[in-house]
Amino acid sequence: MAYGFGTAGTRAYGTNGPRGWRHSASRFALLPLRAFLGITFVYAGLDKLTDSAFLSASGTGSIGELMRAVRDSSALPWLVDLALKAPEGFGYAIALGELLVGIGTLLGLFARVAAVGGALISLSLWLTVSWQTTPYYYGNDLAYLMAWLPLVLAGATVFSLDAMRALRRRRTL
């Protein structure tokens, strides 16, 4: 099967013209990733905020207990020590950060900033909580970090408040 190279406005057999299926597929390719990460981070943030055990300095299931458990096996023990100075505050910061990142990602509002936030949360969790997981690919935080990178690079170009704002700016110029 031969694929032709068409110019704008022409459609040779197999050519992906300006409005072909490949163009549409590439425009919408990051939507499933945005939906997954957005929903997951909103859920994770709400789950933490509604779990009184998690937001405690000590006790089973608390952020403080988790931080003490991973401190010696962490790649960045100083970061864990910082979190242990105020475990409840750190727990709230992580939960609110996840919630804001998830909402920003779902709405496509400051999508690149939200993706950077998601990547930083995932990176910090990988270097602290998931660091001791062997083999490394069993830990999910590294996979989340990698999943955020396409959204950091591309942003939210369709079905997003960022795209609406960009369109409005172009119309006013």
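In this predicted model, Arg68 is partly exposed, with a relative accessible area of 40%. Arg68 pairs with Glu65 in a salt bridge whose closest N and O atoms are 3.5 Å apart. Glu65 is partly exposed too, at 37% relative accessible area. The two residues sit 3 residues apart in helix H3 (residues 63-70), so about one helical turn separates them.

Side chains of opposite charge can pair when their charged atoms come close. The count of salt bridges in this model comes to 5. Three of them, including the one just described, are listed here.

| Salt bridge | N to O distance |
|---|---|
| Glu65 and Arg68 | 3.5 Å |
| Asp81 and Arg71 | 2.8 Å |
| Asp162 and Arg165 | 2.9 Å |

Asp81 lies in helix H4 (residues 77-85) and Arg71 in the loop between H3 and H4, so their salt bridge ties together parts that are 10 residues apart in sequence. Asp81 is partly exposed at 29% relative accessibility, and Arg71 is partly exposed at 28%. Arg71 and Asp81 also belong to a network of salt bridges with Asp72.

In helix H8, Asp162 and Arg165 are 3 residues apart, which means about one helical turn lies between them. Asp162 counts as buried at 18% relative accessibility, whereas Arg165 is partly exposed at 32%.

Helix H8 (residues 161-172) also holds Arg171, which is exposed at 67% relative accessibility. Arg171 gathers with Arg168, Arg169 and Arg170 in a patch of positive charge on the surface.

Thr105, in helix H5 (residues 87-107), is buried at 3% relative accessibility. Beyond its neighbours within four places in sequence, Thr105 contacts Arg34, Gly38, Ala114, Trp148 and Leu151.

Terms used. Residues numbered from 1 in each chain as written. Predicted model: local features only at pLDDT ≥ 70, side-chain atom pairs only at ≥ 80, totals over all residues. Heavy atoms only, no water. Patch = residues over 30% accessible without salt bridge, like charges linked within 9 Å, V, L, I, M, F, W, Y side chains within 5 Å. Areas by Shrake-Rupley, 256 points an atom, 1.4 Å probe, with all protein chains shown as cover. Salt bridge = Lys/Arg side-chain N within 4 Å of Asp/Glu carboxyl O. Lys, Arg positive; Asp, Glu negative; His and termini not counted. Charge placed at Lys NZ, Arg CZ, Asp CG, Glu CD. Helix = DSSP H or I, 4+ residues; strand = E, 2+ residues; numbered from the N terminus. Buried < 20%, exposed > 50% of the residue type's maximum accessible area, 1.4 Å probe, protein only. Contact = heavy atoms within 4.5 Å.
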